[in-house]
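Work through the exercises below with the sequence and the 3D view at hand. Try each task before reading its solution.

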Amino acid sequence: MRILFAGTPDVAATCLAALADSSHEVVGVLTQPDSRARRGNKLVPSPVASLAQERGIPTLKPADAKSDETLAWIRETGAEVAAVVAYGQILDARVLSSLTHGFFNLHFSLLPAFRGAAPVQRAIEQGLSQSGVSVFKLDEGLDTGPLARQEVQEIPPLATAGEMLESMGAHGAQVLVDVMEAIEADSLTLVEQPSEGASYARKLHPDEAAIDPARPASDVAAHIRAFAPNPGAFASVRGARLKILGVGAAEAPEGMILAPGEFGVTKKKVFLGTATRPIELTIVGPAGKKHMGAADWARGARLETGERLDEESAA
């Protein structure tokens with residue numbers, strides 16, 4: 001079956017690779033225009049664009065996916081169906097009706113829960129231990145189309161959003177291939193999404209990323225995991241921003257009692273006090289430096305037990 005693929009980030013590239021390696025033919029790729037790199041200010045293609053170029057797949061990078069030119073290009077590919085994964089642009093009714101079998105989107109939640117831009121991050125932020133992937137047929141609503149397939153996936157207790165997206169991308173890629181095969185075999189049954197249980201997962205904003213150590217340990221840990229790796233939960237230490245990008249399961253040594261925002265340091269571990277109990281910090285990102293182990297950072301900074309986050313962080 002001839003497939004058009006629309007996607008942009010790494011998780012979408014994983015799905016494109018799975019479809020390209022399947023028995024189907026990916027005849028075209030839609031992806032976001034090249035963007036400026038943070039360093040060097042050079043234009044850099046999206047991960048999907050890079051993979052499509054490697055595979056020799058015709059690619060379009062429209063600034064407006066609803067334009068007449070984009071619609072004409074889609075039709076010229078000869079695609080019968082489209083697979084969409086984190087494309088990043090809204091597709092209108094003209095585009096959605098342009099292919100025989102329509103457009104099918106892979107979404108990283110069990111719809112109708114967590115519709116929107118950040119389903120994995122918001123699920124982790126809420127402390128959930130289970131989510132999943134959904135493939136549905138796109139309509140003009142926000143993730144409201146009928147379901148083609150859903151599969152549950154566990155969220156490990158320490159997993160970050162980045163780790164879960166990678167895992168769910170690999171899982172979802174195979175689900176997406178299965179849906180394409182069902183369409184080709186004319187055996188796919190679509191089911192309307194239930195009216196109950198709908199929720200919205202708004203996009204993460206850097207202004208939300210500040211850590212509040214006055215909250216319970218479970219909430220602080222979930223916040224750190226949800227914002228890792230991007231935009232990264234942060235606090236201020238000695239007047240400089242410190243990103244905190246991972247938590248561990250270790251318990252603080254017996255007798256180590258830490259106030260909210262207070263650090264506890266051993267030879268191999270770093271702990272942060274919260275409203276209920278200390279949590280272990282595993283990965284940090286000091287300002288202007290690469291990410292590193294929390295214990296390595298503490299040694300280099302000569303951090304001692306009893307030091308605290310700056311008042312602006314601990315407020």
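Helices (H or I, at least four residues) and strands (E, at least two) are DSSP runs, numbered from the N terminus. The model is a predicted one, in which local features need pLDDT of at least 70 and side-chain atom pairs count only at pLDDT 80 or more, while totals for chains, interfaces and linings use all residues. Residues are numbered from 1 along each chain as its sequence is written, and side-chain values use heavy atoms, with hydrogens and water left out.

**Exercise 1. The whole protein**

Task: State how many helices and strands the protein has, and what share of its residues is buried.

Solution.
Step 1. The protein has nine helices and 15 strands.
Step 2. Along its principal axes, the C-alpha trace spans about 65 × 45 × 30 Å.
Step 3. A residue is buried under 20% relative accessible area, exposed over 50%, and partly exposed in between (1.4 Å probe, protein chains only). Of the 315 residues, 49% are buried.
Step 4. Contact means heavy atoms within 4.5 Å. Among the contacts with a separation of 6 or more, 65% come from residues 24 or more positions apart.

**Exercise 2. Two domains**

Task: Describe how domain 1 and domain 2 meet, by area and by residues.

Solution.
Step 1. Domain 1 covers 2-201 and domain 2 covers 206-308; such bounds come from an automatic or database domain assignment. Their C-alpha centres lie 34 Å apart.
Step 2. Twelve residues from domain 1 and twelve residues from domain 2 form the contact.
Step 3. The size of an interface is often given as the accessible area lost when the parts come together. Here buried area is the accessible area (1.4 Å probe) that two parts lose on being put together, summed over both. Domain 1 and domain 2 bury about 930 Å² between them, with 50% of it on carbon and sulfur atoms.
Step 4. On the side of domain 1, Glu125, Leu158 and Thr160 lose the most area to domain 2, together 45% of what that side buries.

**Exercise 3. Polar links and elements at the interface**

Task: Find the salt bridge between the side chains of Glu208 and Arg122, and say which element gives the most to the side of domain 1 that touches domain 2.

Solution.
Step 1. A salt bridge is a side-chain nitrogen of Lys or Arg within 4 Å of a carboxyl oxygen of Asp or Glu. One salt bridge is counted between domain 1 and domain 2. The side chains of Glu208 and Arg122 meet in a salt bridge at 3.0 Å, N to O.
Step 2. A polar contact is a pair of N or O atoms within 3.5 Å; within protein, one must be able to donate a hydrogen and the other to accept it, and residues adjacent in sequence count only if both atoms are side-chain atoms. Between the two domains, seven residue pairs are in polar contact, both at pLDDT 80 or more.
Step 3. Helix 5 (119-125) and helix 6 (161-184) are the elements that give two or more residues to the side of domain 1 that touches domain 2. Helix 5 gives the most, with four residues.

**Exercise 4. Thr8**

Task: Is Thr8 buried or exposed, and what does its side chain reach?

Solution.
Step 1. Thr8 sits in the loop between strand 1 (2-7) and helix 1 (10-20).
Step 2. With 14% relative accessibility, Thr8 counts as buried.
Step 3. The side chain of Thr8 reaches the backbone oxygen of Tyr87 at 2.8 Å and makes a polar contact with the side chain of Thr31 at 3.5 Å.
Step 4. Not counting residues up to four places away in sequence, Thr8 also touches others, including Ser46, Pro47 and Val85.

**Exercise 5. Backbone exceptions**

Task: Locate the cis peptide bond that joins Ala228 and Pro229, and the positive phi of Asp143 and of Arg238.

Solution.
Step 1. Most residues other than glycine have a negative phi, and most peptide bonds are trans.
Step 2. Ala228 and Pro229 are joined by a cis peptide bond with omega about 5 degrees. The bond from Asn230 to Pro231 is also cis, with omega near 5 degrees. Pro229 is in the loop between helix 7 (217-226) and strand 10 (233-237), and Pro231 is found in the loop between helix 7 and strand 10.
Step 3. Asp143 has a positive phi of about 55 degrees. Asp143 lies in the loop between strand 8 (130-137) and strand 9 (147-154), and is buried at a relative accessible area of 10%.
Step 4. Arg238 has a phi near 55 degrees. Arg238 lies in the loop between strand 10 and strand 11 (240-248), and at 46% relative accessibility counts as partly exposed.
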